[in-house]
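Subject: Structure handover and findings

Dear colleague,

Please find below the sequence and the structure that I am handing over to you. My findings follow directly after.

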Amino acid sequence: MHTSFHRCRPTALIATLALSGAAHANVSVVNQAIAESEVIAAQQAWCQALTGISAANDSGGQPAAKALAEKVIDSAYGYQMGAVLFKPTLTTAPQTFRTTRAGALAYFVGGDPAFPKDSGFALKGWTRCEVANAGIFIAGDSATTMGKVHLTNKKGQVTTVDKTWKFVKDDTGRLRIVVHHSSLEYAGT
């Protein structure tokens with residue numbers, strides 16, 4: 001039994017394969033899958049941003065820190081996609097959760113009368129930030145992490161917080177934080 005494939009002349013087969021490849025080159029492929037390296041890079045960028053905001057405050061005061069914090073929030077968080085589920089470390093009721101950009105900005109740099117208890121977490125003189133993941137769960141277009149974040153201030157004192165982040169990719173392929181839960185470690189009784 002002969003098939004048409006066996007009867008093709010080699011030049012016809014090559015031409016067919018070349019056309020097939022050319023058609024394939026015009027195909028748009030969308031892959032929103034997240035790689036572990038992207039997650040680690042996003043966490044490191046968050047740490048660099050936190051210490052950067054502290055440094056901006058030291059050199060240019062709260063207005064400089066606020067300007068940088070606005071850029072960080074707009075590039076790292078997913079507020080432009082909708083509500084972000086943000087539970088910062090040092091918040092209390094009725095403003096424990098910060099689902100809006102304004103709430104996140106107030107937490108990081110203070111100065112917003114709508115959030116009178118916020119003194120600016122990022123203004124506390126952080127000089128170092130390290131992430132120690134307990135686990136990373138990646139499911140296609142989302143990644144969730146849980147672990148410790150160690151923050152060092154100018155005096156060398158280390159504060160450790162428990163941190164959970166969830167990242168998704170936006171339409172440009174950039175990771176965005178859509179869940180951020182942070183709390184102080186339980187000290188026991």
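The notes below go through the sheet, the helices and the charged pairs in turn.

Please bear in mind throughout that this is a predicted model.

The sheet

I begin with the strands. Five of them form an open sheet with mixed pairing, and their order is β1-β5-β4-β3-β2. The edge positions are taken by β1 and β2; each has a single partner strand, so one side of each is left without a neighbour in the sheet. On average, neighbouring strands are turned by 25° against each other, direction ignored. Helix α3 packs on this sheet, where it touches β2, β3, β4 and β5, and its direction makes about 150° with that of β2.

At one edge, β1 runs parallel to β5, and three bridges join the two strands. Within this pairing, Leu85 stands opposite Val179 of β5.

At the other edge, strand β2 (residues 126-139) is antiparallel to strand β3 (residues 142-153), with twelve bridges between them. Asn133 has Gly147 in β3 as its bridge partner. The hairpin of β2 and β3 has two residues between the strands, and Gly140 there adopts a positive phi near 65°.

Strand β3 also pairs with strand β4 (residues 158-169), again in the antiparallel sense, over eleven bridges. Here Thr145 is placed opposite Trp165 in β4. These two strands form a hairpin as well, with four residues between them, and Gly156 in its turn has a positive phi of about 85°.

Beyond β4, the loop that leads to β5 (175-184) contains Gly173. Because its relative accessible area is 28%, Gly173 counts as partly exposed. The C-alpha atoms of Gly173 and Asp141 are 9.9 Å apart in space, although the two residues are separated by 32 positions in sequence.

The helices

Helix α4 (residues 101-109) is mostly covered, as seven of its nine residues are buried. Those buried residues are Gly103, Ala104, Leu105, Ala106, Tyr107, Phe108 and Val109. What do the buried residues of α4 pack against? Their packing partners are α3 (36-76) and β1 (85-87). Just after the helix, Gly110 has a positive phi of about 65°.

In helix α3, one residue that deserves a separate note is Asn57. Is Asn57 buried or exposed? With a relative accessible area of 18%, Asn57 is buried, because the cut-off for that class is under 20%. A polar atom of the Asn57 side chain lies 3.2 Å from the backbone nitrogen of Gln62. Leaving aside residues up to four places away in sequence, Asn57 touches Gln62, Ala65 and Leu123.

The charged pairs

Side chains of opposite charge can pair when their charged atoms come close. In this structure there are eight salt bridges, and I describe some of them here.

The side chains of Glu38 and Lys169 meet in a salt bridge with an N to O distance of 3.1 Å. Since Glu38 belongs to helix α3 and Lys169 to strand β4, the pair ties together parts that are 131 residues apart in sequence. Glu38 is partly exposed, at a relative accessible area of 26%, whereas Lys169 is buried, at 14%.

A salt bridge also joins the side chains of Asp162 and Lys148, at 2.5 Å from N to O. Asp162 lies in strand β4 and Lys148 in strand β3, so this pair links parts that are 14 residues apart in sequence. Asp162 is partly exposed, with a relative accessible area of 25%, and Lys148 is likewise partly exposed, with 29%. Through salt bridges that share partners, Lys148, Asp162 and Glu185 are joined into one network.

Finally, Asp170 forms a salt bridge with Arg176, in which the closest N and O atoms are 2.9 Å apart. Both of these residues, Asp170 and Arg176, are buried.

In brief, the model has an open sheet of five strands, with helix α3 packed on it. The helix α4 is mostly covered, and the structure holds eight salt bridges.

Yours sincerely

Notes. Residues numbered from 1 in each chain as written. Predicted model: local features only at pLDDT ≥ 70, side-chain atom pairs only at ≥ 80, totals over all residues. Heavy atoms only, no water. Pairing = 2+ DSSP bridges. Buried < 20%, exposed > 50% of the residue type's maximum accessible area, 1.4 Å probe, protein only. Contact = heavy atoms within 4.5 Å. Axes fitted to C-alpha atoms, helices over the stretch in contact; angles between N-to-C directions. Polar contact = N/O pair within 3.5 Å; in protein donor to acceptor, adjacent residues only side chain to side chain. Salt bridge = Lys/Arg side-chain N within 4 Å of Asp/Glu carboxyl O.
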